[in-house]
Amino acid sequence: MDLAGLTRDLEALRDDALAGLAAAPDAAAVAALDVDVLGRKGRLTGVLRGIGALPAEDRPTVGAIANTIRGEIKDAIAARGRVLRSGELAGRLAAEAVDVTLPGRPVRRGTYHPIATTIERIAEAFGQFGFVVYEGPEIEDDLNNFQLLNIPPDHPARDLWDTLYLDVEGHLLRTHTSPGQIRVMQSTAPPIRALLPGRCFRYENVAADRNFEFFQVEGLMVDEGTTLGDLKGLLDQFAQALFGAGTRTRFRPGYYPFTEPSVAFDVECLVCGGVGCPACKRSGWMTILGAGMVHPVVLQSGGLDPERYQGFAFGMGVERISNLRHGVGDLRLYLENDLRFLDGFR
Ligand code: DAH
């Protein structure tokens with residue numbers, strides 16, 4: 001092998017490598033060619049093995065040519081790599097393109113349950129008069145639910161509050177939030193202004209206007225010199241806050257064992273404005289709660305001296321208030337978890 005022959009071989013290797021690069025389809029092919037031509041056991045090294053056979057004076061010339069060719073191939077490898085990489089990137093960008101102008105996927109947001117919202121509104125209205133929210137347990141004992149509220153065993157009034165009894169002797173699901181009155185009086189010194197919202201239960205013939213599970217908000221105020229007039233003024237303000245300024249209200253005599261005197265509190269019919277319609281049974285009025293002056297026996301149950309303290313209490317059905325505010329005709333809907341109904345309160 002002479003100088004001219006070796007030079008030809010080197011040039012042939014370069015031309016072959018450059019052609020191979022031009023045809024390389026992807027970065028992996030370029031990398032393979034790099035190893036094949038320039039690698040330690042590659043084709044360039046193979047050709048240069050012929051140097052040993054050359055006369056000593058020719059060797060630097062071949063060395064210089066080999067270096068130039070290695071440089072050319074290296075540059076070509078780098079250039080081809082860049083071209084292929086940018087092509088791949090462009091391809092991916094095109095394939096994985098995101099249209100940022102598309103409308104987003106709607107996120108289904110939850111909302112407050114109408115019962116929760118109504119309790120909130122009631123608490124807000126009484127909160128303005130200093131009433132603070134308390135909570136009593138849903139499982140009560142006979143003592144708090146009945147006896148301490150002046151409803152002794154076998155009292156006929158118990159028929160109004162038949163309920164579900166637990167296997168645990170003397171325990172039941174509370175039939176109203178009124179036992180909370182006893183708990184508050186026993187744990188809090190007057191003046192008391194308590195609001196007690198919560199879930200109640202009854203043994204009930206379920207219908208559009210009664211359910212075996214429902215919500216009430218109880219109110220209790222105890223102080224020295226509290227009067228029925230205070231109760232009347234407070235409830236009137238409450239009605240204005242919930243049903244609009246100018247809503248007419250009235251007291252009617254009522255009966256509850258735990259209050260004396262007892263009243264029913266009516267607001268003018270929100271459907272007909274008080275002229276009389278089927279919704280109010282032509283009376284022009286709708287009863288929204290029961291109330292009265294706390295019975296002296298109940299004050300004593302709460303550990304308070306009836307000679308010194310007077311109080312009033314009231315209790316309302318939350319579903320009934322919500323029905324009136326939203327024009328709902330069937331209170332069973334509130335606990336059926338039907339989203340078509342609940343979505344209407346967004
Ligand atoms: N607890 C009664 C019921 O469930 C409602 C009630 C009436 C509560 C008069 C009171 C009240 O505090 O004074 O029917």
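Trainee: In E9, which residue is the bridge partner of glycine 290?

Mentor: Glycine 315. Five bridges join strand E8 (residues 285–294) to E9, and the two run antiparallel. The general idea: two strands pair if DSSP finds at least two bridges between them. The elements themselves are DSSP runs numbered from the N terminus, helices being H or I with at least four residues and strands E with at least two.

Trainee: Before I trust any of that, what am I looking at?

Mentor: A predicted model, where local features need pLDDT of at least 70, side-chain atom pairs count only at pLDDT 80 or more, and totals for chains, interfaces and linings use all residues. Residues are numbered from 1 along each chain as its sequence is written, and side-chain values use heavy atoms, with hydrogens and water left out.

Trainee: Fine. What does E9 (residues 310–317) pair with besides E8, and how many bridges are there?

Mentor: E9 is also joined to E5, antiparallel, by eight bridges. One of the pairs there is valine 222 with glycine 311 of E9. On to E5 (residues 213–223): 10 bridges tie this strand to E4, again antiparallel. Leucine 195 has glycine 219 in E5 as its bridge partner.

Trainee: How do I put the strands in order across the sheet?

Mentor: Follow the partners. Here you get an open sheet of seven strands, E1-E4-E5-E9-E8-E7-E6, with mixed pairing. E1 (132–133) and E6 (249–254) are the edge strands, each with a single partner, so one side of each has no neighbour in the sheet.

Trainee: Now helices. How do H1 and H4 cross?

Mentor: Axes are lines fitted to C-alpha atoms, for helices over the stretch in contact, and angles between N-to-C directions run from 0 to 180 degrees. For H1 (residues 3–23) and H4 (residues 59–95), the axes come within 10 Å and cross at roughly 0°. H1 and H4 are therefore roughly parallel (under 35 degrees; over 145 is roughly antiparallel, 65 to 115 roughly perpendicular, the rest oblique).

Trainee: Which residues in H1 and H4 meet?

Mentor: Contact means heavy atoms within 4.5 Å. On the H1 side, Leu3, Leu6, Leu10 and Leu18 are among them, and H4 brings residues including Val62, Ile65, Ile69 and Ile73. By class, this H1 contact with H4 has 14 nonpolar, two polar and four charged residues. Nonpolar is Ala, Val, Leu, Ile, Met, Phe, Trp, Tyr, Cys and Pro; charged is Asp, Glu, Lys and Arg; the others, Gly among them, are polar.

Trainee: And at what angle do H5 and H10 pack?

Mentor: About 95°, with the axes of H5 and H10 (residues 318–326) 9 Å apart. That makes H5 roughly perpendicular to H10. Pro114, Ile115, Thr118, Ile119 and Arg121 of H5 meet Val318, Glu319, Ile321, Ser322 and Arg325 of H10. The H5 contact with H10 divides into five nonpolar, two polar and three charged residues.

Trainee: Which element gives the largest share of the lining of the second largest pocket?

Mentor: H5, with four residues. On a 1 Å grid over the protein atoms alone, a pocket is an open set of points where a 1.4 Å probe fits, with protein on both sides within 12 Å along at least five of seven lines; lining residues have an atom within 4 Å of a point. Besides H5 (114–127), E4 also gives two or more residues to the lining of this second largest pocket. The lining includes Ala116, Ile119, Glu120, Ala123, Pro197, Gly198 and Arg199. By class, the second largest pocket is lined by five nonpolar, one polar and five charged residues.
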